[in-house]
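Q: Please take a close look at one part of this predicted model. I would like a single connected account of its surroundings.

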Amino acid sequence: MTAQLALGTYRCQAIPEAAVRAAASGAQWVDTAPNYATGRAQTLLAPALAAHPLLNVCTKTGYFTAATGTDAVNDGVLNQDQAAAGHSLAPDYVRWQTGRNREQLGRDRLDLVLLHNPERAHPGDRPALHRAIRDAFAVLEEAVTSGHVAGYGVATWAGLEEEAFTVGELLALAAEAAGGQHHLAVVQLPVSLVMMTPIVQALHGRGPLPAAADAGLRVMASAPLHGGELPAMVDQELADLIRPGLTPAQACVLAVASCPGVTNVLLAASGAPHWKEAADAVAQPSLTAAKLREITGVLASP
């Protein structure tokens, strides 16, 4: 089954308009973070979320702007050195940022809160990183119990590929944090025809995507167009190999949306034509596993 399109607000140039357009088109999810749009993304989203109460929101905790770091220091949740790092998984900070997310988004209950690139916290030290993730998960479990968060997860750029943690380890850490039944619900990672490792692994029944699917986790594929660079790298011949009649951008999106285990494809489409182009692509029947193997084989050839 082809994955659903969701609005990603990283590098989105017109967040309020894009959110309204996404909701009107039937998209169910919008993804954001407190450091996007130089710290303004969540407040820019709030009116659209108020107007479309059925639109689910996924936000994050981890990275923060310098101004947010100053606020966190003033509120006593970070010290100066921690604020200077621009990233934290400290429990007091996670608790504080989750509350701030709710205020900025205008939602008393957040659908998802993700640890943002947790691998940044303790590079090269897996035991310390896993303790930090577990302790942050414990705070998010508290937020679930209080009714302020429905579920949580991890948004990573390199953590899964570099095996700073695996999906199985995240599930175990969540169970430990919860003392049993946990609310880990999602992983977000880059999946594209540039960052093909998750696709290739999934086609062999390995890697994070099958592990997440087997656990019933939502999988949000980020950067499907590799920051907008992919359409210029994919010629029409390759697009026709993927699915005749599609544009290069559509072909790239369909390939990601067809990957086993992916449930949502995050697209930061600021303009209506780009959003419609991608929406038309995910409305297509999924590519077969055989076709995906052919595509990845062609791209992996020297």
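A: Thr2 has a relative accessibility of 14%, and because buried means under 20%, Thr2 counts as buried. In this predicted model, Thr2 lies in the segment before β1. Two polar contacts of its side chain can be described. The side chain of Thr2 reaches the backbone oxygen of Gln284 at 3.0 Å. A polar contact of 2.7 Å links the side chain of Thr2 with that of Ser286. Both Gln284 and Ser286 also appear among the residues in contact with Thr2 when neighbours within four places in sequence are left aside. That list further holds Leu254, Ala257, Val282 and Pro285.

The segment holding Thr2 comes before β1, and strand β1 covers residues 4–8. Strand β1 runs parallel to β8, and 4 bridges join the two. Leu5 has Val265 as its bridge partner in β8. Strand β8 also pairs with β7, which spans residues 218–222, in the parallel sense over 2 bridges. Here Met220 stands opposite Asn264 of β8.

Strand β8 itself covers residues 264–267. In a regular strand, side chains alternate between the two faces of the sheet. In β8, Asn264 and Leu266 point one way, while Val265 and Leu267 point the other way. Residues on both sides are buried: Asn264 and Leu266 as well as Val265 and Leu267. Val265, the bridge partner of Leu5, is thus one of the buried residues of β8, and Asn264, opposite Met220, is another.

Note on methods. Residues numbered from 1 in each chain as written. Predicted model: local features only at pLDDT ≥ 70, side-chain atom pairs only at ≥ 80, totals over all residues. Heavy atoms only, no water. Buried < 20%, exposed > 50% of the residue type's maximum accessible area, 1.4 Å probe, protein only. Pairing = 2+ DSSP bridges. Polar contact = N/O pair within 3.5 Å; in protein donor to acceptor, adjacent residues only side chain to side chain. Contact = heavy atoms within 4.5 Å.
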